[in-house]
Amino acid sequence: MPIQPTEKIWRNGQLIPWEQANIHVMSHVVHYGSSVFEGIRCYGQPSGAAIFRLPEHMQRLIDSAKIYRMTLPYSLDELCAAVVDVVENNGVAPCYVRPIALRGYGEIGVNPTGSPIDVYIANFPWGKYVAGGHGGADVCISSWNRLAPNTMPALAKAGANYMNSQLIRMEADIKGYAEGIGLDVNGLVSEGSGENIFAVRNGVLYTPPLANSALSGITRDSVLTIARHLGLPVVEQSIPRELLYIADEVFFTGTAAEVSPIRSIDRILVGDGNPGAITKQVADEFFGIANGLKPDRFGWLTPVKVDSVEPVNV
């Protein structure tokens with residue numbers, strides 16, 4: 001999806017024009033993938049707009065940076081305030097927010113510690129991420145495994161990790177699927193190229209634990225919280241590939257993907273090929289809270305002073 005430029009980008013504490021947010025070709029991140037980032041959505045509300053789970057996203061950015069020994073020169077509160085500043089100054093909502101911390105221009109070589117750390121925050125309009133009609137997406141199991149433990153840290157949302165995601169997504173696209181599902185090093189279900197995954201079987205909601213090389217998704221956590229609030233049985237356990245084929249419902253979650261039903265896996269129809277009752281129930285609660293149509297009972301929304309440019313609906 002092409003990026004729609006907005007007016008300003010936050011760089012190291014200052015709002016600068018979008019077109020001036022450049023890095024040098026010899027920056028460390030260009031050669032070695034040394035970046036950590038976040039994806040956050042700002043939703044339109046009946047009056048105004050609100051950012052979804054802002055502190056949790058920015059804390060994960062700080063945690064990702066810590067894993068990679070990147071000391072960010074900003075506190076959690078400062079980073080959250082910067083996101084609000086960008087969204088309000090650009091006046092764009094709904095929107096997607098992309099904070100990124102990267103190692104910039106300084107030294108060449110694998111050791112990154114001699115290169116400065118720069119922090120940028122941008123926002124721009126972004127719509128549906130996972131393709132698929134009303135019934136959901138047609139996806140496949142990828143031939144590419146997710147990162148093995150003790151190789152690349154799956155709990156860090158790092159730019160370099162997404163080279164693996166690119167392989168999964170490109171393979172799926174070439175084969176005519178909307179998305180791919182990666183297995184872990186032991187052949188167990190891990191996640192999509194950029195989404196966590198849930199399956200429903202006999203009324204029980206299953207999702208792989210983080211130990212299966214899955215990212216600690218903020219939307220994943222939101223769905224788990226919603227499901228428990230609704231009284232749905234929830235199990236975090238390792239999932240064999242074949243369970244996806246016989247599941248009653250399967251859906252992706254993620255900031256970009258939100259709650260996206262899956263229609264088929266490897267051309268095997270999931271259930272009757274339509275979003276199931278639990279998927280609909282969870283999605284209705286998620287979008288209801290995000291769009292301000294239901295009470296923010298979990299304290300997930302950070303209001304921003306921007307008028308929504310499109311009607312709120314689910």
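1. Let's start with the lining of the largest pocket, where helix α4 (162-174) gives the most, with 6 residues. Keep in mind as you read that this is a predicted model. Several other elements also supply at least two residues each to that lining: the helices α2 (54-67) and α5 (218-229), along with the strands β3 (35-37), β6 (95-103), β7 (117-124), β10 (189-192) and β14 (249-254).

2. How much space lies in the largest pocket? The figure is about 1400 Å³, and 49 residues line it. If you want a place to centre your view, F37, Y96, R98, W126 and Y162 are the lining residues that lie nearest the pocket centre. By class, the lining of this pocket breaks down into 25 nonpolar, 16 polar and 8 charged residues.

3. Next, the closed spaces. The structure holds 3 cavities of 30 Å³ or more. In the largest cavity there is about 100 Å³ of space. Its lining is made up of R146, L147, A154, A156, K157, A158, N161, Y162, E191, S213 and L215; in terms of class, that is 6 nonpolar, 2 polar and 3 charged residues. Y162 deserves a second look here: this tyrosine lines the largest cavity and is also one of the residues nearest the centre of the largest pocket.

4. The second largest cavity holds about 50 Å³. Around it you'll find R41, Y43, F52, H57, T219, G254, T255, E258 and F286. What is the split by class in this lining? There are 3 nonpolar, 4 polar and 2 charged residues.

5. On to helix packing, with α2 and α3 (residues 76-90) as one pair. Their axes are 9 Å apart and the packing angle is about 120 degrees, which makes α2 oblique to α3. The crossing of these two helices is right-handed. On the α2 side, L54, P55, M58, Q59, L61 and I62 make the contact, and they meet L76, L79, C80, V83 and V84 of α3. The class count for this contact is 10 nonpolar and 1 polar, with no charged residues.

6. Another pair to check is α5 with α7 (residues 277-290), which pack with axes 10 Å apart at an angle of about 110 degrees. So α5 counts as roughly perpendicular to α7. The crossing of α5 and α7 is right-handed. T219, V223 and I226 of α5 make the contact with V282, E285 and F286 of α7, and by class the contact has 4 nonpolar, 1 polar and 1 charged residues. Two of these names have come up already: T219 and F286 make part of this helix contact, and both also line the second largest cavity.

7. Finally, some backbone details. As background, most peptide bonds are trans, and most residues other than glycine have a negative phi. Which residues are joined by a cis peptide bond here? They are A93 and P94, with omega at about 0 degrees. P94 sits in the loop between α3 and β6; α3 is the helix that packs against α2, and β6 is among the elements that supply the pocket lining.

8. The other backbone point concerns N202. Its phi is near 55 degrees, a positive value in a residue other than glycine. Where is N202 found? Look in the loop between β11 (196-201) and β12 (204-207).

Definitions and conventions
Residues numbered from 1 in each chain as written. Predicted model: local features only at pLDDT ≥ 70, side-chain atom pairs only at ≥ 80, totals over all residues. Heavy atoms only, no water. 1 Å grid on protein atoms, 1.4 Å probe; cavity = no way out; pocket = protein on both sides within 12 Å on 5 of 7 lines; lining within 4 Å. Points joined across faces, edges and corners; volume = space filled by probe spheres on them. Helix = DSSP H or I, 4+ residues; strand = E, 2+ residues; numbered from the N terminus. Nonpolar A, V, L, I, M, F, W, Y, C, P; charged D, E, K, R; others polar. Axes fitted to C-alpha atoms, helices over the stretch in contact; angles between N-to-C directions. Parallel < 35°, antiparallel > 145°, perpendicular 65-115°, else oblique. Left-handed = near helix turned anticlockwise from the far one by under 90°. Contact = heavy atoms within 4.5 Å.
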